[in-house]
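Me: Please go through this structure with me, and explain the terms as they are applied.

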Amino acid sequence: MEARRVWLPCDGDAFVPAVEVKAEPNGGGRSETATVSRWCAGGRQEELVRLPTARLKDLSPVVGDPSATCDDLTSLPDICLPAVLHNLRLRFASDAIYTSIGPVLISVNPHKRLGHLDDFLRYCDDLDRAEDELLPPHVYRIARAAFTALVRTGKSQSILVSGDSGAGKTEACKLVVACLARLAPSGRAGATEAALGGALMLEAWGNATTTQNKNSSRFGKWLAVQLDAESAIHRCSLQPYLLERSRVVVHGPGERSYHVFYQMLAGVTAPAERAALGLKSDASEYAYLRPSASGPSVSSAADGASAAEARGEAAAEWAETEAKLAAIGLGAQLAAAVRRTLAAVLTLGQVWFTDPERRG
């Protein structure tokens with residue numbers, strides 16, 4: 001008789017495949033316990049777990065080969081929660097972070113750079129040749145499907161990006177916008193860059209480091225990409241809402257305020273301008289940016305990066321922010337006013353008020 005294979009609940013992995021290897025009857029000949037052997041990505045892992053037979057019978061059976069994966073969950077031989085989670089885990093282990101559920105895309109944040117530039121270029125070539133349903137799971141596939149439907153029907157299309165903090169929503173939106181820029185570039189020089197740069201510019205003002213995510217959007221956003229009669233990008237608009245305004249003046253242990261403050265402190269290097277703005281040498285000198293005493297300090301750079309590397313990364317991000325301001329037509333005077341406003345906010349945080357009735 002073939003050993004029974006089941007989905008075994010497991011701390012940390014939710015469910016793992018397991019196979020019954022031995023049944024142990026009691027004195028009356030009835031099987032009371034069973035020993036199962038867990039499976040892992042490389043095959044069977046000899047870790048024996050004893051279970052009551054009654055519980056073993058209640059576990060969901062494994063259907064098909066537990067070491068095989070598919071890029072569309074609707075193709076699983078048995079669509080159940082353990083099989084879905086196991087498939088996603090195996091794909092994630094091989095850096096396949098995208099999986100489809102029909103027209104829906106699941107993206108598992110790898111929390112690392114996967115170096116997909118060459119893949120992006122090859123994927124763009126595939127976008128021109130293949131039908132949507134023939135493309136592998138990817139954010140570009142979703143963007144391409146929306147663009148194709150808009151051109152074909154003349155009706156507006158929507159892409160909903162949702163997930164918990166740190167799930168990768170911001171990066172997914174960037175990929176959608178990058179794909180649309182490839183599919184529908186404007187015929188006017190610089191128009192595409194200006195439109196898309198404006199749409200992404202608010203990331204510096206609305207994203208911050210939290211305990212869960214180093215680039216967490218602290219606001220919701222509605223991004224509209226509008227095309228002209230030639231199906232080319234004409235303009236972009238972004239409607240922010242529910243901004244976490246309190247983060248400007250206070251943030252929790254191990255967290256930071258909005259990126260733009262740290263970017264400006266690192267990116268404005270001219271001594272005369274720093275003096276005119278009253279900028280201090282380090283973020284920790286500002287009450288609004290000072291790390292919480294009860295939490296660890298945090299850096300905008302990757303884990304393990306030095307303070308100098310973190311400052312260099314922030315300076316590079318400030319240059320990108322200023323480039324986006326210039327791309328949307330913000331002149332030198334207005335850009336200088338933005339810097340003065342940011343510096344004024346930090347300076348206001350240095351003002352302390354006392355109650356005269358409580359003085360000595």
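Me: What makes the contact of R247 and E255 a salt bridge?
Reply: A salt bridge requires a side-chain nitrogen of Lys or Arg within 4 Å of a carboxyl oxygen of Asp or Glu. The side chains of R247 and E255 meet at 2.8 Å, N to O, and the pair therefore satisfies that limit. The model is a predicted one, in which local features need pLDDT of at least 70, side-chain atom pairs count only at pLDDT 80 or more, and totals for chains, interfaces and linings use all residues. Residues are numbered from 1 along each chain as its sequence is written, and side-chain values use heavy atoms, with hydrogens and water left out.

Me: Which residues are linked with R247 in a network of salt bridges?
Reply: The network links R247 with R218, E244 and E255. Within it, R247 also meets E244, at 2.9 Å from N to O. A search of the whole structure finds 8 salt bridges.

Me: Why is R247 called buried?
Reply: Buried means under 20% relative accessible area, exposed means over 50%, and partly exposed lies in between (1.4 Å probe, protein chains only). R247 has 2%, so it is buried. E255 is buried as well, whereas E244, at 26%, counts as partly exposed.

Me: How do you know that K174 and E171 are about one helical turn apart?
Reply: The two residues are 3 apart in helix α5 (residues 169-183), which means a separation of about one helical turn. Helices here are DSSP runs of H or I with at least four residues, strands are E runs of at least two, and both are numbered from the N terminus. K174 and E171 form a salt bridge, the closest N and O atoms being 3.3 Å apart. Relative accessibility is 26% for K174 and 42% for E171, so each counts as partly exposed.

Me: What makes β5 and β6 paired strands?
Reply: Two strands pair if DSSP finds at least two bridges between them. Strand β5 (residues 98-101) and strand β6 (residues 104-107) are joined by 4 bridges and run antiparallel, so the criterion is met. I101 has V104 in β6 as its bridge partner. The hairpin has 2 residues between the strands, and G102 takes a positive phi near 65° there.

Me: Why is H111 called exposed?
Reply: Its relative accessibility is 58%, so H111 counts as exposed. H111 lies in the loop between β6 and α3 (117-129). Although not a glycine, H111 has a positive phi of about 55°. Most residues other than glycine have a negative phi.

Me: What makes the largest nonpolar core a core, and which residues have the most contacts inside it?
Reply: A nonpolar core is a set of buried Ala, Val, Leu, Ile, Met, Phe, Trp, Tyr and Cys residues joined through side-chain atoms within 4.5 Å. The largest has 18 residues, and those with the most contacts inside it are F261, M264, L265, L279, L289 and L346. The elements giving two or more residues to this core are α8 (259-267) and α11 (332-348); α8 gives the most, with 5 residues. Apart from this core lies another, of 14 residues, including V139 and F147.

Me: What does P9 touch, not counting residues up to four places away in sequence?
Reply: P9 touches A14, F15, R55 and L59, a contact being heavy atoms within 4.5 Å. P9 and L59 are 50 residues apart in sequence, yet 8.6 Å apart in space, C-alpha to C-alpha. P9 is placed in strand β1 (residues 5-10).
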